[in-house]
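Me: I am new to reading protein structures and would like some company. Could you take a close look at one part with me, the place where two helices pack together, after a few words on the whole?

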Amino acid sequence: MLKWGAILGIVGFVGGFVGPVIFTPEANQGPLLGIFITGPLGFVLGLVVGSVLRLLPGRRLASDGSRPLNELSQHSHFGGRQFTADSQRGCR
């Protein structure tokens with residue numbers, strides 16, 4: 001969750017800090033946009049995105065902190081029959 005906050009916060013900060021300097025170099029208050037508006041908003045948006053991704057069913061962490069395998073990679077259903085990674089491979 002904090003990872004997404006940091007990533008989007010940095011992107012928002014850089015975009016708000018560098019963007020006004022490139023597009024309107026005569027404006028001396030341009031970098032303040034990145035410091036006070038787009039950086040913090042990007043961080044908050046990143047926290048929201050990280051929270052939503054954490055709540056999705058396939059994205060939860062196991063109790064030991066490792067990522068569980070996606071259920072689709074463990075089991076496949078074809079025509080009412082279930083094939084697992086341990087079952088025989090081949091066409092029927």
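Reply: Let's begin with the surface: the protein exposes about 7,400 Å², and 66% of that area is supplied by carbon and sulfur atoms. Keep in mind that this is a predicted model. Of its 92 residues, 14% count as buried. If you walk along the chain from the N terminus, the elements come in the order α-α-α-β-β, so you will find three helices and two strands. Contacts also reach along the chain: among those between residues at least 6 apart in sequence, 47% join residues at least 24 apart.

Now to the part you asked about. Helix H1 covers residues 2-23 and helix H2 covers residues 31-55. Find these two in the picture and follow each from its N-terminal end. Their axes are 6 Å apart, and the helices pack at an angle of about 155°. Because angles over 145 degrees count as roughly antiparallel, H1 is roughly antiparallel to H2. The crossing of the two helices is right-handed. Which classes of residue make up this contact? There are 16 nonpolar residues and 10 polar ones in the contact of H1 with H2, and no charged residues.

Let's zoom in on one residue of H1, Pro 20. Is Pro 20 buried or exposed? Its relative accessible area is 14%, and since buried means under 20%, Pro 20 counts as buried. Which residues does Pro 20 touch, leaving aside those up to four places away in sequence? The answer is Gly 15, Pro 25, Gly 30 and Leu 33. You can also look from Pro 20 across to Pro 31: the two are 11 residues apart in sequence, while their C-alpha atoms are 6.6 Å apart in space.

One of the residues touched by Pro 20 is Gly 15, so let's visit that one next. Gly 15 also has its place in helix H1. With a relative accessible area of 43%, Gly 15 is partly exposed, because that value lies between the 20% cut-off for buried and the 50% cut-off for exposed. Gly 15 gives you another pair to find in the picture: Thr 38 lies 23 residues from Gly 15 along the chain, and 7.6 Å separates their C-alpha atoms.

Putting the close look together, you have a right-handed crossing of two helices whose axes are 6 Å apart, with Pro 20 buried and Gly 15 partly exposed.

Methods. Residues are numbered from 1 along each chain as its sequence is written. This is a predicted model: local features need pLDDT of at least 70, side-chain atom pairs count only at pLDDT 80 or more; totals for chains, interfaces and linings use all residues. Side-chain values use heavy atoms; hydrogens and water are left out. Axes are lines fitted to C-alpha atoms, for helices over the stretch in contact, and angles run from 0 to 180 degrees between N-to-C directions. Helices (H or I, at least four residues) and strands (E, at least two) are DSSP runs, numbered from the N terminus. Angles under 35 degrees count as roughly parallel, over 145 as roughly antiparallel, 65 to 115 as roughly perpendicular and the rest as oblique. A crossing is left-handed if the near helix is turned anticlockwise from the far one by less than a right angle, and right-handed if clockwise. Ala, Val, Leu, Ile, Met, Phe, Trp, Tyr, Cys and Pro count as nonpolar, Asp, Glu, Lys and Arg as charged, and the others, Gly among them, as polar. Buried means under 20% relative accessible area, exposed over 50%, partly exposed in between (1.4 Å probe, protein chains only). Contact means heavy atoms within 4.5 Å. Accessible areas come from the Shrake-Rupley method with a 1.4 Å probe; for residues, only the protein chains shown count as cover.
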